[in-house]
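Biologist: Please bring up the model. I would like to go through its fold with you.

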Amino acid sequence: MSYQVNMALKPEVEAFFDPATNTISYVVKDPASKSCAVVDSVMDIDYAAGRITYDNADAIIEFIQKNELDLEWIIETHVHADHLSAAPYIQDKLGGKIGIGDQIMVVQNTFGKVFNEGTEFQRDGSQFDALFKDGDSYDVGSMRVFVIYTPGHTPACMTHVMGNAAFVGDTLFMPDGGSARADFPGGDAAMLYQSIQKILELPDDMRLFMCHDYGPNGREIRWETTVADEKAHNIHVGGGRSEEEFVRFRTERDATLDMPKLIIPSLQVNMRAGEVPTDKDGRPMLKVPVNTL
Ligand SMILES: [Fe+2]
């Protein structure tokens, strides 16, 4: 697959950090128009109380309104397991199409079983407005965006490349953070390594934007780096580390990790494109499958 890289195209990127989930959401603006996209928005949840609020999403909406931008796309780099997407809330207020990788169907099948969903839960990705395949492109105003299929962390992970800015989701973390886990159902460390190689084949000065940062070793939160920096310094894959080494390391490390605190609500909501499921009376309701995950 050869991708249509255009380093001369330089979108404006505004980041929004959510300290509750260490997620970074982005508004990406076409430099030649008022059009923009949102990448990986966050809906706030107090899981203990079963309470959902929208402070994070409202900050994004306010930014878009203040700058009089037209929201064309609301992108999910993958089905997140650690935070809930605010895509439908933002779409209600500002419009735009919700897009994700077409392997969402695999994720929906897997977790449809985990949560014992009935037949009313469609496993065909139809909750989303667009499903992307490797090499697909779409436009944000006059800005041509392309997607790279980068599975491994999950089966539906996509990297979105907007000019000289690539939104890598959870394939990579900052160089001192390494890479994301590959042990969720459908995850695969060898596949993750191959996906990371695809990203590292982009031009050295491609800007890379992370979905998460945890400030390792007490450093301040950061979310932007470059291909060159990751190639040289990434603690899991930098310096030409082999696939075999990576898989061994990643597998051992993943075996020590606890489940993300919000995995149970996140998957139920995110596999529905950010809609909260409802019970038979139409009330918003989440399930907790016992001894299943
Ligand atoms: Fe993730």
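Modeller: This is a predicted model; local features need pLDDT of at least 70, side-chain atom pairs count only at pLDDT 80 or more, and totals for chains, interfaces and linings use all residues. Residues are numbered from 1 along each chain as its sequence is written.

Biologist: In what order do the 6 strands of the open sheet run?

Modeller: Strands here are DSSP E runs of at least two residues, and helices are H or I runs of at least four, both numbered from the N terminus. Two strands pair if DSSP finds at least two bridges between them. The sheet is open and its pairing is mixed. Its order is β1-β2-β3-β6-β7-β8.

Biologist: Which are the edge strands?

Modeller: An edge strand here pairs on one side only. That applies to β1 and to β8 (130-132).

Biologist: What is the average twist from one strand to the next?

Modeller: Axes are lines fitted to C-alpha atoms, for helices over the stretch in contact, and angles run from 0 to 180 degrees between N-to-C directions. From one strand to the next, the twist averages 25°.

Biologist: In the hairpin of β1 and β2, which residue takes a positive phi?

Modeller: β1 (residues 12-18) pairs with β2 (residues 23-29) over 7 bridges, in the antiparallel sense. Within that pairing, F17 has I24 of β2 as its bridge partner. The hairpin has 4 residues between the strands. The one with a phi near 55° is N22.

Biologist: Against which elements do the buried residues of α2 pack?

Modeller: Helix α2 (residues 87-94) lies across β3 (35-39), β6 (70-75) and β7 (97-101), at about 165° to β6. A residue is buried if 20 or more other C-beta atoms lie within 10 Å of its own, exposed if 12 or fewer, and partly exposed in between, with C-beta atoms placed from the backbone. In α2 that holds for A87, P88, Y89 and I90. The buried residues pack against β3, α1 (55-66), β6 and β7.

Biologist: Which residue follows α2, and what is its phi?

Modeller: The phi there is positive. The residue is G95, with phi near 80°.

Biologist: What is the radius of gyration of the protein?

Modeller: The protein has 7 helices and 14 strands. The radius is taken over C-alpha atoms, and the globule rule is 2.2 Å times the number of residues to the power 0.38. That rule gives 19 Å for 293 residues, so the protein is as compact as a globular protein of that length, with a radius of gyration of 18 Å.

Definitions and conventions. Contact = placed C-beta atoms within 7 Å.
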